[in-house]
Amino acid sequence: MGKKTVIPIGPYHPLLEEPEFFKLYCDGEIVKDMVWETGYNHRGIEKICQTKTFEQVFYVVERICGICSTSHPFAYANAVESIPGVEIPERAKYIRSIVGELERIHSHLLWVGLAGHFLGYNTVFMWAWKYREPILDMFEIITGNRNSYAMFTIGGVRRDINAEQATQLLKVLDDVKEKTDLLVGAVMDDPVIHARLKGVGVLTSKDIHDFGAVGPTARASMVDIDVRRDDPYAAYDMVNWKVILAKGGDVFAKAEVRLLEMYESIAIIKQCLEGLKKSNQGDIKIKVKEIPPGIGIGHAEAPRGEVFHFVKSDGGNSPVRHKIRAPSYTCIPTFRKSCVGGTVSDAAIATAAVDPCYCCTERMTQVYDYSTGKKIMNAAELIKLSQAKTRDLKDKKV
Amino acid sequence: MGLKEKCFKKSLWVFHLSAGSCNNCDIEILDCLTPKFDIERFGMKLVGSVRHADVLLVTGVVTRKTLSRVKEVYEQAPKPIVVIGIGACACTGGLFRDSYNFAGPLDKVIPVDAYIPGCPPKPESMLAGVMKFLNKK
């Protein structure tokens with residue numbers, strides 16, 4: 001075997017929006033191994049949550065990630081509301097689903113744009129982000145902000161959607177559907193995109209089970225999981241829709257899943273708007289006086305997969321423990337499977353196919369001894385360890 | 001009028017540095033490039049390396065892991081460079097000021113010329129902020 005070349009990518013690199021670090025070990029054009037290092041974005045959110053009241057935590061978890069800023073409150077709401085076991089009003093359920101699905105459309109459009117950018121199709125990037133704008137405007141009309149919507153609260157939602165906004169939303173949806181047709185045509189019928197994406201970054205259904213990957217990454221390998229159907233929350237069991245699956249497990253299949261999911265999201269929102277019309281002038285919120293002691297578990301299907309929140313209450317004002325697991329946490333390790341063996345030029349799109357979100361992932365910087373519960377490492381030591389590991393690997397392999 | 005305002009009148013090249021942000025400000029910066037806001041009509045563009053940049057946009061809180069990197073990126077930048085803190089986190093620490101991984105406010109780490117608050121600031125306010133800074137007398 002020839003001499004291996006090491007290509008470091010990051011932590012600040014034009015390809016990457018967020019700080020993260022990859023090291024590709026290459027033999028010629030072929031990627032032989034890769035190491036990824038994160039932790040740049042760790043902000044100690046779980047600890048901050050424990051110092052806030054149950055109501056305030058919504059606005060903390062919203063700032064875990066700017067792109068999925070509804071999924072985290074969604075999962076947290078499911079977790080907190082499961083402790084006293086409250087049932088939220090029907091109107092609130094519909095509004096939650098509408099916001100959740102709008103976010104899915106904007107997130108998938110964002111991904112299509114970025115994927116186009118990675119492939120050198122800057123036109124697709126400009127198009128997709130242009131068609132995303134009406135959705136952000138709609139968010140501003142409904143919730144008051146383009147991102148970080150602050151829409152959810154314990155027992156319901158904070159703002160109602162009135163008839164006028166509903167009409168506007170329907171118009172935007174029709175428009176988005178038209179543009180999605182255009183994007184689907186541009187991606188599915190382009191021979192260059194076929195040549196570039198088919199057979200790249202393949203994950204078999206066994207790989208998905210091995211790594212525990214979720215969301216569109218799993219569904220592109222015919223693994224039929226979707227929290228919205230498997231454990232319905234909000235209004236997802238009151239509307240008709242189907243889970244999109246694709247064969248192949250390559251990047252093309254992942255693109256297909258995301259593009260077709262946008263149609264489903266549009267259908268869900270339209271049915272929810274019908275539901276809103278029927279439940280005219282209902283309550284959007286019920287009052288939850290206190291959160292009794294107990295454990296709450298909630299999950300929600302984010303655009304990238306399952307978000308999981310665990311909340312422990314001791315009957316006081318704030319959670320005593322809050323654990324978050326974001327979808328990218330299980331999807332990012334699949335990089336080693338999807339990139340190794342491919343060429344360097346395919347590595348970028350193979351990693352981007354997962355739609356990794358590093359700010360979601362970075363929860364943990366301390367290591368505890370499992371049996372004694374004693375802290376054995378702090379953040380600085382872990383960083384040192386991580387750096388040393390990278391150095392060792394470099395010495396060994398180069 | 002300082003040297004910076006005198007130097008930078010047109011065609012600013014911008015480098016974007018995410019110190020430890022939630023992506024919100026970052027996607028709003030990217031939004032500025034897209035057809036609706038299109039900052040390229042002012043000659044502004046995002047560049048791949050800080051060595052080519054006139055303006056350094058910093059988003060997010062400076063975490064303990066990114067602290068040394070932020071300093072290093074600032075040192076690599078050609079001087080004079082305009083540093084703009086985007087978003088509540090970069091301006092004040094925002095929600096994360098009490099976090100154990102917060103390495104201090106951005107302006108204690110590197111000199112900051114302008115602040116654009118908001119969570120996240122809208123693309124319009126970013127454009128307005130940059131224009132206000134450049135027209136400062």
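**Exercise 1. Find what the buried residues of α2(A) pack against, and work out how they are arranged on the helix.**

*Solution.* The buried residues of α2(A) pack against α1 (45-49), α3 (71-82), β4 (152-153), β7 (305-313) and β8 (321-325) of chain A. Keep in mind as you look that this is a predicted model.

Step 1: pick out the residues themselves. In helix α2 (residues 54-61) of chain A, the buried ones are Phe54(A), Val57(A), Phe58(A), Val60(A) and Val61(A).

Step 2: see how they sit around the axis. Their arc spans only 165 degrees, so they lie on the same side of α2(A).

Step 3: recall the geometry of a helix. With 3.6 residues a turn, an α-helix has residues three or four places apart pointing the same way.

**Exercise 2. Describe the largest nonpolar core, starting from its best-connected residues.**

*Solution.* Step 1: note how many residues it has. The largest nonpolar core holds 114 residues, and Ile98(A), Ile105(A), Leu169(A) and Ile84(B) have the most contacts inside it.

Step 2: ask which element contributes the largest share. That is α4(A), with 13 residues of this core.

Step 3: zoom in on Leu169(A). Setting aside neighbours within four places in sequence, Leu169(A) touches Ile98(A), Leu102(A), Met138(A), Ile142(A), Ile269(A) and Leu273(A).

Step 4: look for another core. One of 21 residues lies apart from the largest, and Val62(B), Tyr74(B), Ile81(B) and Ile110(B) are among its members.

**Exercise 3. Locate the largest cavity and say what kind of residues line it.**

*Solution.* Step 1: begin with the whole structure, where a search finds 4 cavities of 30 Å³ or more. The largest cavity contains about 160 Å³ of space.

Step 2: go to its centre. Of its 16 lining residues, Val14(B), Ile39(B), Met44(B), Leu57(B) and Val130(B) are the closest to that point.

Step 3: trace the lining to its elements. At least two residues each come from α2 (24-33), β2 (45-46), β3 (55-60), β4 (82-86) and α6 (123-134) of chain B. The most, 3 residues, come from α6(B).

Step 4: sort the lining by class. This gives 15 nonpolar, no polar and 1 charged residues.

**Exercise 4. Do the same for the second largest cavity.**

*Solution.* Step 1: its volume is about 100 Å³.

Step 2: find its lining, which includes Trp111(A), Leu119(A), Val187(A), Ile193(A) and Leu259(A). Two or more lining residues come from each of α4 (90-119), α7 (191-197) and α11 (251-278) of chain A. Here α4(A) gives the most, with 5 residues.

Step 3: sort by class once again. The lining of the second largest cavity has 11 nonpolar, 1 polar and no charged residues.

Notes:
Residues are numbered from 1 along each chain as its sequence is written. Chains are lettered from A and ligands numbered from 1 in the order in which they are written. This is a predicted model: local features need pLDDT of at least 70, side-chain atom pairs count only at pLDDT 80 or more; totals for chains, interfaces and linings use all residues. Side-chain values use heavy atoms; hydrogens and water are left out. On a 1 Å grid over the protein atoms alone, a cavity is a set of points where a 1.4 Å probe fits but cannot get out, and a pocket is an open set with protein on both sides within 12 Å along at least five of seven lines; lining residues have an atom within 4 Å of a point. Grid points are joined across faces, edges and corners, and a volume is the space filled by probe spheres set on the points. Helices (H or I, at least four residues) and strands (E, at least two) are DSSP runs, numbered from the N terminus. Ala, Val, Leu, Ile, Met, Phe, Trp, Tyr, Cys and Pro count as nonpolar, Asp, Glu, Lys and Arg as charged, and the others, Gly among them, as polar. Buried means under 20% relative accessible area, exposed over 50%, partly exposed in between (1.4 Å probe, protein chains only). The arc is that of the directions from the helix axis to the C-beta atoms. Contact means heavy atoms within 4.5 Å. A nonpolar core is a set of buried Ala, Val, Leu, Ile, Met, Phe, Trp, Tyr and Cys residues joined through side-chain atoms within 4.5 Å.
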